[in-house]
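Please open the model in your viewer and keep the selection tool at hand. The stops below are meant to be taken in order, each beginning with something to select.

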Amino acid sequence: MNSKQVVLITGSSTGFGRLFAETLARKGHTVFATMRDPGGRNAKNASEIRALAEKGSLPIHILELDVTNDASVDRAVDGAVAKAGRIDVAINNAGYYLTGLEEAVTTEQAQRLMDTNFLGPVRVNRAVLPHMRRQRSGVLMHISSVAGRMVLPSTGFYCASKFALEALAEAYSYELAAQGIESVIVQPGAYETTVFGNGVMAADEARTNTYGAVKEIPAKVNAALSSTAGNAQEVADAVLRIIETPAGEKQLRYVVSPRNIGVDEINALSKHVQANVLEAFGLTADTKFVKGKAAGTV
Ligand SMILES: NC(=O)c1ccc[n+]([C@@H]2O[C@H](COP(=O)([O-])OP(=O)(O)OC[C@H]3O[C@@H](n4cnc5c(N)ncnc54)[C@H](OP(=O)(O)O)[C@@H]3O)[C@@H](O)[C@H]2O)c1
């Protein structure tokens with residue numbers, strides 16, 4: 001694989017996605033910074049990114065991509081391949097936070113969250129994989145969360161969306177290793193982006209109001225998350241290091257967090273159990289599972 005890679009990023013209008021685009025492009029990687037509606041709701045963000053790219057002669061191209069829309073995903077992936085000839089890395093970054101007592105989250109809110117945080121990566125991976133399999137190389141990167149491994153009250157649906165993403169990304173890693181394609185999971189802790197400000201509140205206030213003191217938990221959790229949030233550039237720097245790690249040497253999971261709450265211990269235990277499971281099913285060779293490589297920190 002060429003050391004300068006072609007990277008498609010979802011949710012590049014703000015936050016991590018935008019930082020990834022700038023950080024990777026400054027190192028010479030070609031970036032397709034995708035976002036919803038760059039001519040409308042994200043017009044200001046898109047023009048700021050274009051101005052930055054022009055000023056620094058950075059290889060950043062903006063494309064429209066809504067992860068909840070199959071046609072939009074396919075159009076963006078086809079557009080990137082038409083321009084660059086390949087896609088080496090797909091960063092599944094688009095996502096949002098849903099907070100509130102679980103009983104107060106409507107089924108419609110839950111469906112919408114899963115449609116973005118879980119089915120979004122499903123759509124993107126299905127669109128990029130035929131190209132990566134033709135290349136016999138590529139990286140599916142999944143921006144999960146430490147919330148993909150641990151649970152706080154009032155974050156159950158968000159955690160569920162990230163747990164689901166983790167399961168899928170791990171299964172992909174086993175199935176695609178033989179074709180030279182890596183699937184990696186990045187698990188950020190709390191970082192300063194617009195994620196908490198853009199969070200959706202559980203809609204059923206009538207139910208929330210019956211919970212007494214427990215109804216204060218979401219506000220307590222959100223205040224703690226915001227007050228301990230780190231500098232998001234740390235995550236962008238970690239993503240750069242992962243992308244520049246040679247093919248075949250990447251780990252499955254990377255924790256990137258301002259504070260250590262022990263998620264790497266869960267990852268290590270899970271790696272141990274997975275080794276046993278794959279061995280028990282006679283799948284170690286098929287999945288190219290390497291005991292020492294399934295988890296780590298960057
Ligand atoms: N910040 C943290 O502490 C933290 C920690 C762990 C994990 N994460 C994860 O990191 C990822 C990025 O979040 P962030 O912190 O950078 O928050 P952010 O600044 O709010 O960025 C979220 C991005 O996702 C985009 N998005 C939402 N729905 C979309 C859709 N249907 N199609 C395409 N793009 C969509 C948003 O685009 P619009 O501008 O169009 O809304 C925005 O660009 C998320 O998956 C989040 O769960 C964040």
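Begin by selecting Ser57, which, at 64% relative accessibility, counts as exposed because the cut-off for that word is over 50%. This is a predicted model, and in it Ser57 is found in the loop between α2 (43–56) and β3 (60–64). If you display its backbone angles, you will find a phi near 50°, a positive value in a residue other than glycine.

A second serine with a positive phi can be selected next: Ser154, where the angle is about 80° although the residue is not a glycine. Ser154 lies in the loop between β6 and α6, and, with a relative accessible area of 3%, it is buried.

**The core and its aromatic rings**

Now select Phe20, Ile91 and Met141, which are the residues with the most contacts inside the largest nonpolar core, a set of 34 residues. Which element gives this core its largest share? That element is α9, which contributes seven residues. When you select helix α9 (residues 233–243), its buried residues are Val235, Ala236, Ala238, Val239, Leu240, Ile242 and Ile243, and what covers them includes α1, β4, β6, β7 and β9 (253–256).

Stay with Met141 and show its surroundings: leaving out residues up to four places away in sequence, Met141 touches Ala90, Ile91, Asn92, Val184, Val186, Val239, Ile242 and Ile243. A second, separate core has 22 residues, including Val67, Val124, Ala127 and Met132.

Return to Phe20 and display the aromatic rings, among which the structure holds five aromatic pairs. Phe16 and Phe20 form one that is stacked, with 5.9 Å from centre to centre and 15° between the planes. The two residues are four places apart in helix α1 (residues 15–26), and so about one helical turn separates Phe16 from Phe20. In an α-helix there are 3.6 residues a turn, so residues three or four places apart point the same way. Both Phe16 and Phe20 are buried.

For a pair with another geometry, select Tyr97 and Phe196, which are edge-to-face at 5.5 Å centre to centre, with 90° between the planes. Tyr97 lies in the loop between β4 (89–92) and β5 (98–99), whereas Phe196 lies in the loop between β7 (181–188) and β8 (200–201), so the pair ties together parts that are 99 residues apart in sequence. Is each partner buried or partly exposed? Tyr97, at 3% relative accessibility, counts as buried, while Phe196, at 24%, counts as partly exposed. Before leaving the rings, add Tyr191 to the selection, since ring pairs link Phe16, Phe20 and Tyr191 into a cluster.

**Along helix α5**

Select helix α5 (residues 119–135), which has 17 residues and reaches 24 Å from its first C-alpha to its last, close to the 24 Å expected at 1.5 Å a residue. Where along α5 does the kink lie? Look at Leu129, shortly before the proline Pro130, where there is a kink of about 35°.

Among the buried residues of α5 are Gly120, Arg123, Asn125, Leu129 and His131, and to see what covers the buried residues you can show, among other elements, α3 (70–84), β4, α4 (107–117), β6 (138–143), α6 (156–176) and β7. Following α5 is Arg136, whose phi is positive, near 55°.

**Two buried residues to finish**

Select Ala80, which lies in helix α3 and is buried, with a relative accessible area of 0%. Leaving aside its neighbours within four places in sequence, Ala80 is in contact with Leu8, Phe32, Leu63, Gly85, Arg86 and Ile87. If you draw a distance from the C-alpha of Ala80 to that of Ile62, which is 18 residues away along the chain, the value is 9.6 Å.

Last, select Glu182 in strand β7, a residue that, at 12% relative accessibility, counts as buried. Which side chain joins that of Glu182 in a polar contact of 2.9 Å? The partner is Lys250. Widen the selection around Glu182, not counting residues up to four places away in sequence, and you will find that it touches Gly138, Val139, Leu140, Pro246, Ala247, Gly248, Glu249 and Lys250.

Technical notes:
Residues numbered from 1 in each chain as written. Predicted model: local features only at pLDDT ≥ 70, side-chain atom pairs only at ≥ 80, totals over all residues. Heavy atoms only, no water. Phe/Tyr/Trp six-rings, centres within 6.5 Å; stacked < 30°, edge-to-face > 60°. Buried < 20%, exposed > 50% of the residue type's maximum accessible area, 1.4 Å probe, protein only. Expected span 1.5 Å × (residues − 1). Bend = angle between axes of the 7 residues up to and from the residue. Contact = heavy atoms within 4.5 Å. Polar contact = N/O pair within 3.5 Å; in protein donor to acceptor, adjacent residues only side chain to side chain. Core = buried A, V, L, I, M, F, W, Y, C linked by side-chain atoms within 4.5 Å.
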